[in-house]
Amino acid sequence: MIVQDQSSTKSSKSHKHLIPHHFSEPKNLDFSTWASENYFKILIITLLTLSVAAFFFFFYNSIAPPTTLFCFQKSHLSNNPQKIKIPKLNLDTVQPILDKSSPYSSFHSEQWIIVSVTDYPSDSLQKLVKLKGWQVLAIGNSKTPKDWSLKGAIFLSLEQQANLGFRVVDYLPYDSYVRKSVGYLFAIQHGARRIFDADDRGEVIGGELGKHFDLDLESVIVKQQRIFQYTSGNSNRTVVNPYIHFGQRSVWPRGLPLENVGEVGHEEFYSEVSGGKQYIQQGISNGLPDVDSVFYSTRKTGTLAFDIRFDEHAPKVAMSRDTMVPINSFNTLFHYNAFWALMLPVSVSTMASDVLRGYWAQRLLWEIGGFVAVYPPTIYRHDKTEAYHFIEEKDLHVNVGRLIKFLISWRSEKHRLFENIRDLSYSMAEEGFWNENDVKFTVAWLQDLVAVGYQQPKLMGFELDRQKANVDLSGRKEYVPPKLPSVHLGVEESVTVNYEIGNLIRWKKNFGNVVLIMFVSGPVQQTSLEWRLLYGRIFKTVVILSTQADADLAVEQGQLDQIYKYLPKIFDRFNSTEGFLVLHDNTILNYWNLLQADRSKLWIANKVPTSRTVVDGKDASWFAKQSTMVNKVVSTMSAHLQVNYKESSPSEQSLALCGSEVFYIPRRFVSDFVDLVDLVGDFEIHYKIAVPMFFMAMDLPQNFDPLLNKMIYKTEAISTRSFDFYSAQVPAVHPWSISTESDFVKLIRLMSSGDPLLMELF
């Protein structure tokens with residue numbers, strides 16, 4: 001262009017004399033003159049340029065997901081934090097909001113399940129409605145069918161949500177699950193004390209949430225329990241992958257920073273923390289766990305649905321005050337003191353909203369002395385083989401690592417929790433983790449909480465930095481998680497690495513302070529050593545009773561019919577143990593299936609139909625005598641024992657006859673058991689009548705641990721066929737007959753399917 005311009009200029013000068021004189025002189029082409037003469041041309045060109053630019057702008061917006069633009073804006077915000085105005089938090093002038101518009105204004109429930117629905121009720125949701133003691137609340141959006149309904153569930157449509165009077169409604173998108181925030185407020189307004197955050201594709205394992213989560217944080221049992229906790233004070237670790245603790249080292253949860261995915265080593269040692277303040281309880285999901293798009297895309301094998309399993313026997317594990325964990329919105333239990341943490345941010349993508357909420361909530365939870373605990377598998381979540389979109393998680397992957405570091409270093413000098421919440425939301429907006437809309441949304445959320453009657457928890461007033469510096473590692477606990485079958489780059493593992501030693505350590509850890517008391521009816525000289533070798537690896541010690549004592553074999557004398565009368569002396573010898581498990585040698589104990597049982601509760605097979613019958617004391621002379629003796633014992637019981645027994649017993653003329661070949665007594669019931677034995681005195685009450693009587697007096701049957709109810713119990717099995725009905729998947733098998741070493745060898749071969757190390761011992 002420069003050459004051409006120069007050439008053209010030179011040519012015009014050399015041929016100037018050829019220009020006829022009737023042509024006017026060349027005009028002065030200064031910019032103002034040129035612009036005035038070409039005004040309309042300039043205007044038309046400008047309009048065309050703007051039209052083309054607008055076309056491409058709107059075309060891009062029409063094909064690009066909203067989150068694409070947000071990701072760009074978020075990246076910009078992250079590099080150049082914008083100064084925003086912090087809104088005022090006026091809580092003293094907030095007026096109560098009462099439910100005057102819905103048909104449920106007088107309804108009250110303490111336990112709620114909140115789900116977002118976009119389609120007609122799924123099979124999983126229909127099962128959630130049947131959970132006893134829980135009220136399902138379904139939140140609709142713009143995609144929900146207008147005629148949506150499900151018997152037993154409360155449904156709130158968009159119109160109904162708008163009429164509730166909540167401030168947060170003004171900030172919520174119409175087509176998103178984050179509208180669950182309305183449901184949380186509705187549940188709190190109607191008496192909620194526990195809220196299970198769920199979705200409509202997960203089924204509760206066992207059909208009872210109380211089997212998996214700690215529901216009553218005020219109970220003595222929960223407060224006295226010791227929970228494994230990730231060791232505090234590790235400056236190199238700010239976030240953990242809980243899936244490793246539950247047996248899946250190559251799987252990671254959505255929200256785990258990608259730079260932490262390669263950290264697959266298990267925790268070497270754990271500390272412990274007392275229960276009662278696990279205000280947020282995150283459950284693990286079998287089937288399709290909470291994984292991100294990177295995992296889903298790289299591990300998916302065609303259209304084959306994921307069916308990943310986690311260790312259901314692993315102990316729950318808590319987070320320390322300098323360690324965080326990803327939290328989701330479809331399998332998490334929130335207690336009253338953490339209801340403020342239910343707020344789902346609205347300015348981030350839907351795949352990031354619950355994860356950012358979880359990290360934000362964990363940091364604030366430290367201010368009130370609470371913590372997050374992760375629990376073994378609580379639901380089975382079905383994989384619908386739908387594609388995961390990375391673009392919806394982009395802002396999550398880009399910012400989550402920086403967010404965790406920011407939250408751990410964040411400090412506040414405010415003296416009320418809600419002021420801390422407002423300030424942290426404001427700081428997160430300044431740092432670009434969400435925008436100003438979420439700051440305003442936070443204030444509206446806090447005002448709505450006050451309006452529905454929620455009482456904010458008090459701050460603990462401790463110094464986080466000082467607590468972190470004073471970490472006590474003297475009581476460290478070791479736990480080696482198993483390595484379960486997983487998926488690697490779309491290929492399932494064909495070989496499972498056995499961690500038999502780790503399992504043995506785990507069993508010993510759980511039952512190493514429990515005494516096993518065993519009555520041997522068979523030839524004790526031939527079997528006592530085998531019984532000790534089999535069970536002595538697991539329990540603190542094995543005390544063997546038999547009709548004939550044998551000092552050389554440390555076998556003590558006892559009678560099976562009144563075996564309970566021999567127990568108090570044994571209790572007294574082991575006065576510092578956690579509990580006592582009583583076992584008859586005609587019953588096989590699969591100890592690897594006992595880890596789920598609560599060792600602070602009574603165990604007995606009281607709900608196995610074949611092991612328990614109610615007998616009328618008038619039917620036979622023997623039962624009549626037993627009934628008379630039982631009534632005399634009951635009449636002398638102390639108040640709390642007698643009240644329990646009469647509430648549990650069918651009638652005064654009936655006897656509860658229960659197979660008591662295996663039962664467990666925790667330390668806290670030992671004194672009651674000893675008192676009851678003293679009341680029996682010289683009465684010859686059969687143990688199958690006395691033991692269930694004791695149990696019904698010590699506690700109500702609904703409070704017994706139900707694990708033994710799953711045992712195999714056959715009343716007329718032939719001993720030669722007993723090997724046919726053995727199962728390693730149940731806690732115990734009855735009846736069994738062991739009289740020779742060859743019988744033991746056969747049994748060990750069967751039991752080795754649950755404990756492979758047994759083949760090395762026999």
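The legends below describe several close-up views of a predicted model of one protein chain.

**Figure 1. Overview of the protein chain, its helices and strands, and its buried residues.** The predicted chain is built with 24 helices and 24 strands. Of its 762 residues, 54% are buried. When contacts between residues at least 6 apart in sequence are considered, 79% of them join residues that are at least 24 apart.

**Figure 2. The tilted aromatic pair of Y230 and Y270.** The count of aromatic pairs comes to 38. One of them is formed by Y230 and Y270, whose rings are 5.8 Å apart from centre to centre, with 50° between their planes, an arrangement described as tilted. Y230 belongs to strand β6 (residues 226–230) and Y270 to strand β7 (residues 270–274), and the pair links distant parts of the chain, with the two positions 40 residues apart in the numbering. Y230 and Y270 are both buried.

**Figure 3. The edge-to-face pair of W340 and W360.** The ring centres of W340 and W360 lie 6.2 Å apart and the ring planes meet at 75°, so this pair counts as edge-to-face. Because W340 sits in the loop between β10 (331–335) and α11 (350–365), while W360 sits in helix α11, the pair ties together parts that are 20 residues apart in sequence. Are these two residues buried or exposed? W340 is buried, with a relative accessible area of 0%, and W360 is also buried, with a relative accessible area of 0%.

**Figure 4. An aromatic cluster, and two charged side chains over rings.** W507, W531, Y535, Y591, W592 and F744 come together as one aromatic cluster. Elsewhere in this figure, the partner of an aromatic ring is a charged residue: R381 lies over the face of F330, at 3.8 Å from the ring centre, and K714 lies over the face of F725, at 5.6 Å from the ring centre.

**Figure 5. The largest nonpolar core and a second, separate core.** The largest nonpolar core contains 106 residues, and I195, W340 and F418 are those with the most contacts inside it. When neighbours within four places in sequence are left aside, F418 is in contact with L89, L91, W340, L446, L449, V450, Y454 and Q456. A second core, separate from the largest one, has 47 residues, including L516, I544, Y591 and A728.

**Figure 6. Helix α14, its ends and its surroundings.** Helix α14 (residues 436–451) has 16 residues and reaches 23 Å from its first C-alpha to its last, which is close to the 22 Å expected at 1.5 Å a residue. Twelve of these 16 residues are buried, so α14 is largely enclosed by the rest of the structure; among the buried ones are F441, W445, L446 and L449. The elements that cover the buried residues of α14 include α7 (180–189) and α13 (417–430). At the start of the helix, a side-chain oxygen of N435 comes to within 2.9 Å of the backbone nitrogen of N437. Just after the helix, G453 takes a positive phi of about 95°.

**Figure 7. M319 in a loop, with the residues it touches.** M319 is found in the loop between β9 (317–318) and β10, and its relative accessibility of 3% means that it counts as buried. Which residues does M319 touch, not counting those up to four places away in sequence? They are Q229, Y230, V240, M324, V325, Q362, F371, V372 and V374. The C-alpha atoms of M319 and V240 are separated by 8.8 Å, although the two residues are 79 residues apart along the chain.

**Figure 8. Two buried asparagines in loops, N593 and N141.** N593 has its place in the loop between β18 (588–589) and β19 (603–604), and counts as buried at 11% relative accessibility. The side chain of N593 reaches the backbone oxygen of A728 at 2.7 Å, and, with neighbours within four places in sequence left aside, the contacts of N593 are H313, L707, A728, Q729, V730 and P731. N141 lies in the loop between β2 (135–139) and β3 (153–156), and is buried, with a relative accessible area of 5%. A polar atom of the N141 side chain lies 2.8 Å from the backbone nitrogen of K143. Beyond its neighbours within four places in sequence, N141 is in contact with residues including S116, Y174, D175 and R179.

Note on methods:
Residues numbered from 1 in each chain as written. Predicted model: local features only at pLDDT ≥ 70, side-chain atom pairs only at ≥ 80, totals over all residues. Heavy atoms only, no water. Phe/Tyr/Trp six-rings, centres within 6.5 Å; stacked < 30°, edge-to-face > 60°. Helix = DSSP H or I, 4+ residues; strand = E, 2+ residues; numbered from the N terminus. Buried < 20%, exposed > 50% of the residue type's maximum accessible area, 1.4 Å probe, protein only. Lys NZ or Arg CZ within 6 Å of the ring centre and 35° of its normal. Core = buried A, V, L, I, M, F, W, Y, C linked by side-chain atoms within 4.5 Å. Contact = heavy atoms within 4.5 Å. Expected span 1.5 Å × (residues − 1). Polar contact = N/O pair within 3.5 Å; in protein donor to acceptor, adjacent residues only side chain to side chain.
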